[in-house]
Amino acid sequence: METVERKKRIFSGIQPSGHITIGNYIGALKNWVKLQDEYDCAYCVVDMHAITVRQTPADLRKRCLDFLTQYIACGLDPQKNIMFMQSHNPAHAELAWILMCNSYMGELSRMTQFKDKTKNKQNESIGAGLFTYPVLMAADILLYGTDLVPVGIDQMQHLELARDLAIRFNNYYGETFTVPEGYLSKTGAKIMSLQEPTKKMSKSDENPKAYITITDEPDLIVKKIKSAVTDSDMCICRGEGKEGIENLMSIMGAITGKTFEEIEKEYQGKNYGVFKSDVAECVVEELRPVRERYLQLQSDKAYLEQVYKAGAEKAQLASRKILRKVYKKVGFIEK
Ligand code: AMP
Ligand code: TRP
């Protein structure tokens, strides 16, 4: 019998905190858009992960919708992908519980993100949600029989845990989960802060000059790039102490497809002012259509609601089978 090969499945999500930056765009969204034609993709706004740290409810609600709007503005097509709010599919929380019962305190304590987020804090003030965060992420992934997970390098340890949990469950209960692979994009450079270029550009940085959001106005983008921290040397090249320039080169490279070597050659003998203007121009042009679509979509609340409602239904349908299988395997009575 001929077997019809199914498309590989992809799952990814961004936590609705702060603002979507050019780092998220280059490291995640731009690739997601490329993947949507080749794979069956689910892209989620992980609101349940967001509440692992205190949120102001009204702001969170606004931000969740805003993130979905920005996913679409970047070019993700709600017809082609499952696009939804994590909390709209209860199966995520349900599977997370089962996986939690199969996770160890030890392995969760070794997660670097947990260690970073709880540094200098007393146990009494560390939320348990921060600790179990990666288990919920594993549930997100395993629930859809995901083959590939496009994330930045900073999330690889979490992905490794998802793999471990899948393998452990399969070994104990029998084949249940697809063991997912990480998918690091080739262009997905790690974009650094414009103000402290040895630190990752973070969407929750206190200093807005440290990041460019994907909906920043062109003038603001130019200003932020002009004031990006560089060095007093005059060479547009990589090297010790040149993280600022290297970061601007990565941004330009990720957008234009040029390699470091090509950029170095092109800007030999040119000054930082010229280079920064060119970087700014390519960022502005790359983000111009994103911003335009965003402004248009933002006012169409009815459409957005229709997208996330349809997304929730598709997500529930796509995950039903696996959750049912898991419930059966662990020994729950079928209802
Ligand atoms: P986060 O902003 O940490 O919620 O990350 C959401 C997604 O964007 C993940 O896939 C990250 O790896 C990616 N990402 C976040 N910040 C950056 C950055 N500065 N450079 C490249 N990718 C990033
Ligand atoms: N933890 C991820 C981040 O901070 C977000 C996330 C939650 C995620 N669930 C996921 C990413 C599932 C990929 C797959 O970037």
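**Group meeting: the ligand shell and the nonpolar core**

Let's start with helix H1, residues 22–35, which contributes 4 residues to the shell around ligand 1, more than any other element. Please keep in mind that we are looking at a predicted model.

So who else is around the ligand? In total, 15 residues surround ligand 1, and the closest ones are Asn24, Gly152, Asp154, Ile191 and Lys203. If you sort the shell by chemistry, you get 6 nonpolar, 5 polar and 4 charged residues.

Now let's go through some polar contacts. Asn24 places a polar side-chain atom 2.9 Å from an oxygen atom of ligand 1. Asp154 also has a polar side-chain atom by a ligand oxygen, here at 2.8 Å. With Ile191 we turn to the backbone: one of its N or O atoms lies 2.7 Å from a nitrogen atom of ligand 1. And how much of the ligand does the protein bury? On its own, ligand 1 exposes 470 Å², and 89% of that is buried by the protein.

Let's move on to the protein interior. The largest nonpolar core has 61 residues. The members that touch the most others are Leu29, Tyr43, Tyr71, Ile251, Phe275, Val283 and Leu287. Helix H12, residues 272–298, supplies the largest share of this core, with 11 residues.

Where does this core sit relative to the two domains? Domain 1 covers 9–183 plus 301–330, and domain 2 covers 208–296. Both of them give residues to the core, so it lies between them.

That's my tour for today, and thanks for listening, everyone!

How values were computed. Residues numbered from 1 in each chain as written. Chains lettered and ligands numbered in written order. Predicted model: local features only at pLDDT ≥ 70, side-chain atom pairs only at ≥ 80, totals over all residues. Heavy atoms only, no water. Near = heavy atom within 4 Å. Polar contact = N/O pair within 3.5 Å; in protein donor to acceptor, adjacent residues only side chain to side chain. Areas by Shrake-Rupley, 256 points an atom, 1.4 Å probe, with all protein chains shown as cover. Helix = DSSP H or I, 4+ residues; strand = E, 2+ residues; numbered from the N terminus. Nonpolar A, V, L, I, M, F, W, Y, C, P; charged D, E, K, R; others polar. Core = buried A, V, L, I, M, F, W, Y, C linked by side-chain atoms within 4.5 Å. Buried < 20%, exposed > 50% of the residue type's maximum accessible area, 1.4 Å probe, protein only. Domains from an automatic or database assignment.
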